[in-house]
Amino acid sequence: MATSTAVRLRYEELLFYAACVCHCWCLCLCVCVCMEGRACRGGGGGGGGGGGGGGGGMRVGSSWRWHLSRAMRLALRWCRLCRPRRGGRGAGTKPWSSGALWELWSYGQLLLKSLYFNVQNNSDTLLDCVFEPVYWIVDNVTHWFGVVFVALVILLTGSVLVIVYMCLLPVVLTTYPVYWIIWHLCCGHWLLVMVVFHYYKATTTSPGHPPKDKTDIPSVSICKKCIVPKPARTHHCSICNICILKMDHHCPWLNNCVGHFNHRYFFCFCLYMTLGCIYCSVSCREMFLDAYNAVESYYQTVPPPFTFREKTAHKSIIFLWVLTSSVAVALGGLTLWHAVLIMRGETSVERHINRKETRRLKEKGKVFRNPYHHGRKNNWKVLFGVEKTSHWVTRVLLPSSHLPNGDGILWDCAYTRRDPMAI
């Protein structure tokens with residue numbers, strides 16, 4: 001019977017063809033397993049071989065050899081269908097041509113692509129679908145990671161303080177000269193106060209959110225998730241599920257977003273924590289070497305007669321030096337990166353946006369200028385809120401809870417813009 005389709009395949013053969021196109025041999029095996037049940041159910045009713053054949057089908061269907069032979073028969077049948085017919089039983093039908101084969105191949109590709117692609121989508125949409133579980137984890141699980149990370153910061157910092165006060169400070173007070181004792185007491189406690197103060201303020205201070213009850217605020221777009229006006233430099237945090245003024249990033253170590261009102265606290269915490277780790281690492285270097293040599297002597301044939309308290313002190317000093325040195329390197333790199341961004345008048349989010357905008361304008365023969373870059377020194381003044389010389393001491397070197405300049409909605413641009421650009 002002549003039809004518009006060159007060949008009709010049974011449903012299991014079509015599935016086998018789709019599996020071959022996808023290179024999914026597991027699907028081929030699943031098709032064969034499904035067909036086994038069909039053969040067992042249809043064996044008793046009589047097929048091509050009658051009742052006896054049905055019984056034999058049931059006996060053979062339980063063997064893996066039956067699955068393999070059935071898969072091979074399907075593959076050979078498909079190869080025969082793809083081969084041109086020259087005569088015999090199929091002489092009266094339309095012979096196969098390259099056009100018909102290409103039509104069948106295109107139809108199979110269309111069936112597969114229709115599962116994930118259409119003219120309105122692209123590869124980005126496909127990647128979004130693939131990474132949807134990752135986005136779900138970020139939205140629902142990462143928020144709880146922040147609680148664990150904050151507890152870890154408190155635990156590690158507390159362990160350092162215990163080791164310093166129990167193991168290092170008694171040695172300093174009994175063996176060091178007076179001027180070194182004064183230096184260590186003043187410098188160490190100053191760094192401790194600055195670290196604790198800025199970490200507490202960074203975790204508890206709200207980064208700032210655009211007002212939801214006002215619709216006449218200056219905005220550059222509408223947030224697709226919050227459905228509220230989004231001012232310049234404002235971005236949506238998928239973890240906090242709210243828009244953040246001058247958003248830099250979401251920091252799991254703070255369990256909070258870094259935005260307009262706590263950006264200074266975050267940077268000062270990173271800076272003073274790095275300085276504190278460097279201070280501890282350099283100050284206890286000699287003690288670390290002595291403790292390391294003492295621990296190595298434990299494994300001598302006749303170990304030295306160290307007490308339990310001395311062994312605990314040796315291992316604690318080694319732990320302190322390794323921890324502070326590692327944090328100094330890792331956190332120091334992060335602090336330097338944020339210092340570069342501050343000198344450029346950018347946030348972490350704006351860095352990526354400005355790079356794309358720079359490439360786009362460069363292709364048009366134009367130069368991109370960041371409208372929020374006021375010069376390196378002025379950018380530091382804007383971040384720290386320095387308005388006069390004495391503020392470098394009272395607002396930078398000492399704990400200060402002063403508010404940043406501006407409200408995070410209106411921004412002073414370094415020049416008047418004529419062409420639209422990324423903000």
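This passage describes the largest pocket and the nonpolar cores of a predicted model.

A good place to begin is the largest pocket, which holds about 1000 Å³ of space. Its lining is made up of 43 residues, and those closest to the centre are Val 160, Met 273, Gly 276, Cys 277 and Cys 280. Several elements come together here: the helices α8 (142-175), α9 (178-204), α10 (263-283) and α12 (308-344), along with the strand β5 (249-251), each supply at least two lining residues. Among these contributors, α8 gives the most to the lining of the largest pocket, with eleven residues. Sorted by class, the lining has 34 nonpolar and nine polar residues, while charged residues are absent from it.

Attention now turns to the nonpolar cores. The largest of them has 32 residues, of which Leu 254, Phe 267, Tyr 272, Trp 380 and Phe 384 touch the most other members. Two or more residues of this core come from each of α8, α9, α10, α12 and α14 (376-384). Here α10 gives the most, with eleven residues.

Phe 267 offers a handy view of how parts of the chain meet. Setting aside neighbours within four places in sequence, Phe 267 is in contact with Thr 335, His 338, Ala 339 and Ile 342, and also with Trp 380, Leu 383 and Phe 384. Two of these partners, Trp 380 and Phe 384, are listed with Phe 267 among the core residues that touch the most other members. Apart from the largest core lies another, of 16 residues, including Leu 168, Val 172, Phe 288 and Ala 291.

Conventions. Residues are numbered from 1 along each chain as its sequence is written. This is a predicted model: local features need pLDDT of at least 70, side-chain atom pairs count only at pLDDT 80 or more; totals for chains, interfaces and linings use all residues. Side-chain values use heavy atoms; hydrogens and water are left out. On a 1 Å grid over the protein atoms alone, a cavity is a set of points where a 1.4 Å probe fits but cannot get out, and a pocket is an open set with protein on both sides within 12 Å along at least five of seven lines; lining residues have an atom within 4 Å of a point. Grid points are joined across faces, edges and corners, and a volume is the space filled by probe spheres set on the points. Helices (H or I, at least four residues) and strands (E, at least two) are DSSP runs, numbered from the N terminus. Ala, Val, Leu, Ile, Met, Phe, Trp, Tyr, Cys and Pro count as nonpolar, Asp, Glu, Lys and Arg as charged, and the others, Gly among them, as polar. A nonpolar core is a set of buried Ala, Val, Leu, Ile, Met, Phe, Trp, Tyr and Cys residues joined through side-chain atoms within 4.5 Å. Buried means under 20% relative accessible area, exposed over 50%, partly exposed in between (1.4 Å probe, protein chains only). Contact means heavy atoms within 4.5 Å.
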